[in-house]
Amino acid sequence: MTLLWQSLPADDRGLAYGDGCFETVRLVADSAPLWPRHRARMLAGAERLGIATSADALDQALREALVQHARQLQQGGSPHAVFKLILTRGSGGRGYAWPTPATPRLLASLHALPLRPASEYREGLRIGLCQQRLALQPAFAGLKHLNRLEQVMARGEVQRAGWQEGLMCDMQGLPIELTSMNLFARFGERLWTPDLAQCGVAGVARSVIIEKLAVDQGLDVDIHARPLSQLESADEVFACNSVAGILPVRTLMDRSWPVGDLTLALQARLEQLFE
């Protein structure tokens with residue numbers, strides 16, 4: 001890991017209260033192909049949280065990360081990397097009330113791209129059903145805010161059980177997302193993904209699929225709640241995020257699906273952005 005900013009002070013509100021949001025951005029050579037979507041999501045999240053920042057500040061952070069990545073490339077490093085950008089409300093005293101005026105803080109780090117086994121892309125994921133539920137909170141739904149304890153606990157379930165990923169449901173038992181990936185399923189000629197108006201993270205790869213890739217395939221996209229039982233009738237199921245891309249889901253408990261042609265086609269199209 002390469003830190004691009006100074007270490008986080010102990011009184012930072014992101015550390016004390018999770019008061020902020022973050023983005024995890026895949027880089028390739030001298031570019032970040034999905035950066036406009038990441039930047040838009042961070043700006044929208046900052047606005048909803050009432051944390052001041054600007055597109056120029058975020059762009060400058062990316063430019064510095066790309067300069068550092070270029071140095072690593074010159075030393076024989078991989079063209080692929082991950083840039084993590086954290087925005088917090090800044091330092092503050094004890095207590096929930098934030099200081100006025102607050103001085104927001106941007107922190108950034110550069111990481112090697114985590115490589116998943118090639119077999120997961122060809123053969124699919126074996127996932128389990130997490131007991132940890134996602135609380136319903138429309139005020140923060142969709143945001144990639146710093147309060148990720150639900151995912152941390154669910155990921156612990158995945159590790160203990162030996163799954164490759166875990167499906168998380170909301171408090172009503174409706175499937176929402178995997179611990180670090182969004183969920184999609186094909187039912188005939190329609191592509192479905194859960195509605196995230198009450199909880200869950202609105203992923204960048206998810207938005208690319210909904211707004212671009214599905215349209216190119218001539219698919220209608222349904223975005224609404226479905227009970228877990230309806231997944232049994234899906235023709236194919238897959239998961240995605242902007243770092244790992246698209247991975248088929250082969251099994252969930254006693255349910256199974258084939259690795260479908262649509263999943264593989266979308267997988268290839270998304271990966272082309274990083275070639």
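Me: Let's start with S242. Is S242 buried or exposed?

Reply: This is a predicted model, and in it S242 counts as buried because its relative accessible area is 11%, where buried means under 20%. S242 sits in the loop between strand 11 and strand 12.

Me: Which residues touch S242, leaving aside its neighbours within four places in sequence?

Reply: The contacts of S242 are T24, R26, L34, H38, V204, A205 and F274. Keep H38 and V204 in mind, as we'll meet them again. For a sense of distance, S242 and V158 are 84 residues apart in sequence, and their C-alpha atoms are 20 Å apart in space.

Me: OK, on to helices. How do I read the packing of two of them?

Reply: Two packed helices are described by the angle between their axes and the distance between the axes. Here, take helix 2 (residues 35-49) and helix 6 (residues 204-216): the angle is about 115 degrees, and the axes are 10 Å apart. The crossing of helix 2 past helix 6 is right-handed.

Me: Which residues make the contact between helix 2 and helix 6?

Reply: Helix 2 brings R37, H38 and R41, while helix 6 brings V204, S207, V208 and E211. Sorted by class, that contact has three charged, two polar and two nonpolar residues. And there are H38 and V204 again, both of which also touch S242.

Me: Now helix 2 by itself. What should its 15 residues span, and how far apart are the end C-alpha atoms?

Reply: The idea is to count 1.5 Å a residue, using one less than the number of residues. For helix 2 that gives an expected 21 Å, and the end C-alpha atoms are 21 Å apart, so the two agree.

Me: Which residues of helix 2 are buried?

Reply: They are W35, H38, R41, M42, G45, A46 and L49. Look down the axis of helix 2 and these fall within an arc of 135 degrees, so they line one face of the helix. Against them pack strand 2 (20-28), helix 3 (55-74), strand 3 (80-88) and helix 6.

Me: What happens just after helix 2?

Reply: G50 comes there, with a positive phi of about 75 degrees.

Me: Where else should I look for positive phi, in a residue other than glycine?

Reply: Try A29, whose phi is near 55 degrees. A29 is in the loop between strand 2 and helix 2, and with a relative accessible area of 30% it is partly exposed. M253 is another residue other than glycine with a positive phi, near 55 degrees. You'll find M253 in the loop between strand 12 and strand 13 (255-256). M253 is partly exposed too, with a relative accessible area of 47%.

Me: While we're on backbone angles, which peptide bond is cis?

Reply: Check the one from T100 to P101: it is cis, with omega near -5 degrees. P101 belongs to the loop between strand 3 and strand 4.

Me: Can we run the helix routine again on helix 7? What should helix 7 span?

Reply: Helix 7 (residues 261-272) has twelve residues, which should span 16 Å at 1.5 Å a residue. Its end C-alpha atoms are 17 Å apart, which agrees. Its buried residues are L262, T263, L266, Q267 and L270. They cover an arc of only 135 degrees around the axis, so they sit on the same side of helix 7.

Me: What covers the buried residues of helix 7?

Reply: The cover includes helix 4 (118-123), strand 8 (182-187), strand 9 (190-193), helix 6, strand 11 (236-241) and strand 12 (245-252). Helix 6 is thus on this list as well as among the elements packed against the buried residues of helix 2.

Me: Last stop, the strands. Is G128 buried or exposed?

Reply: G128 is buried, with a relative accessible area of 3%. This glycine is in strand 5 (residues 125-129). Not counting residues up to four places away in sequence, G128 touches W163, E165, G166, L167 and L252. G128 and P104 are 24 residues apart in sequence, yet 39 Å apart in space, C-alpha to C-alpha.

Me: And L110, where is it found?

Reply: L110 is in strand 4 (residues 105-112). At 2% relative accessible area, L110 is buried. From L110 to Q164 the separation is 54 residues in sequence and 25 Å in space, C-alpha to C-alpha.

Notes
Residues numbered from 1 in each chain as written. Predicted model: local features only at pLDDT ≥ 70, side-chain atom pairs only at ≥ 80, totals over all residues. Heavy atoms only, no water. Axes fitted to C-alpha atoms, helices over the stretch in contact; angles between N-to-C directions. Helix = DSSP H or I, 4+ residues; strand = E, 2+ residues; numbered from the N terminus. Left-handed = near helix turned anticlockwise from the far one by under 90°. Contact = heavy atoms within 4.5 Å. Nonpolar A, V, L, I, M, F, W, Y, C, P; charged D, E, K, R; others polar. Buried < 20%, exposed > 50% of the residue type's maximum accessible area, 1.4 Å probe, protein only. Arc of directions from axis to C-beta.
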